[in-house]
Amino acid sequence: PHHGSRSSSSTAFLRRVRPEYAVFTVAHRNRHLHPSPEVVRRYRLVGAKMLDSAAAGQVRFRLHPERGVEAADEWRRTGRRWWHAPVQPVAERG
């Protein structure tokens, strides 16, 4: 749905394609208030799992050739920052 503006998808289109996922590419505190509540409602009605880049950061889909989407990983929930890595004490460094 790109960023989720009111015209980004119609109910008829969504019923036809029946998306499993919707990723809204939006900035934190975006001034346009995307995604539109109207668009979120449309995707909810077709049962799509919704993710947004402001909350998720990078979104990575793992795909299987026959089964399709196996998982959708949200970086802010699954990724570790480099500064969160365990620190090896100086005495143990080789």
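Where is Glu74 found? Hold that thought for a moment, and let me set the scene.

What you have on screen is a predicted model, where local features need pLDDT of at least 70, side-chain atom pairs count only at pLDDT 80 or more, and totals for chains, interfaces and linings use all residues. Residues are numbered from 1 along each chain as its sequence is written, and side-chain values use heavy atoms, with hydrogens and water left out.

Confidence next. pLDDT is the predictor's confidence in each residue, from 0 to 100. The chain averages 79, and 73% of the residues score at least 70. Among the elements, helix H1 (residues 11-17) has the highest mean, 93, while helix H4 (residues 75-78) has the lowest, 76.

Okay, the layout. We've got 4 helices and 4 strands, and from the N terminus they go α-β-α-β-α-β-β-α. Those are DSSP runs, numbered from the N terminus: H or I with at least four residues for helices, E with at least two for strands.

Back to Glu74, then: this residue is found in strand S4. Is Glu74 buried or exposed? Buried, at 15% relative accessibility. For the cut-offs, buried is under 20% relative accessible area, exposed is over 50%, and partly exposed is in between, with a 1.4 Å probe and protein chains only. Leaving aside neighbours within four places in sequence, Glu74 is in contact with Leu51, Ala56, Gln58 and Gly79; contact here means heavy atoms within 4.5 Å.

While we're on S4, look at its partner. Strand S3, residues 59-64, pairs with S4, residues 68-74, in the antiparallel sense over 6 bridges. Two strands count as paired if DSSP finds at least two bridges between them. A hairpin of 3 residues does the joining between S3 and S4. If you want to check the register, His64 has Gly68 as its bridge partner in S4, and Leu63 has Val69.

Now, which residues make up the largest nonpolar core? There are 8 of them: Leu14, Ala22, Phe24, Val26, Val39, Tyr43, Val46 and Ala48. Strand S1 (21-24) and H2 are the elements that give two or more residues to this core. By nonpolar core I mean a set of buried Ala, Val, Leu, Ile, Met, Phe, Trp, Tyr and Cys residues joined through side-chain atoms within 4.5 Å. As background, nonpolar side chains tend to be buried together in soluble globular proteins.

Let's zoom in on H2. Buried there are Val39, Val40, Arg42 and Tyr43. Why do I say they sit on the same side of H2? Because they cover an arc of only 160° around the axis. That arc is taken over the directions from the helix axis to the C-beta atoms. An α-helix has 3.6 residues a turn, so residues three or four places apart point the same way. The buried residues of H2 pack against H1, S1 and S2. Over on the other side of H2, Pro37, Arg44 and Leu45 are exposed. Glu38 is also found in H2, and Glu38 comes out partly exposed, with a relative accessible area of 32%. C-alpha to C-alpha, Glu38 is 9.7 Å from Ser7, with their positions 31 residues apart in sequence.

Step off the end of H2 and you reach Val46, in the loop between helix H2 (37-45) and strand S2 (49-52). Val46 is buried at 16% relative accessible area. Leaving aside its neighbours within four places in sequence, Val46 is in contact with Leu14, Arg15 and Pro19. Its C-alpha is 8.7 Å from that of Thr11, a residue 35 places away in sequence. Also just after H2, Gly47 takes a positive phi of about 80°.

One for the torsion fans: Arg18 has a phi near 45°, which is a positive value in a residue other than glycine. Arg18 lies in the loop between H1 and S1, and Arg18 is exposed, with a relative accessible area of 61%.

Last, some chain totals. Buried residues make up 26% of the 94 residues. Of the contacts with a separation of 6 or more, 51% are between residues 24 or more positions apart. The accessible surface comes to about 7500 Å², and 52% of that belongs to carbon and sulfur atoms. Those areas come from the Shrake-Rupley method with a 1.4 Å probe, and for residues only the protein chains shown count as cover.
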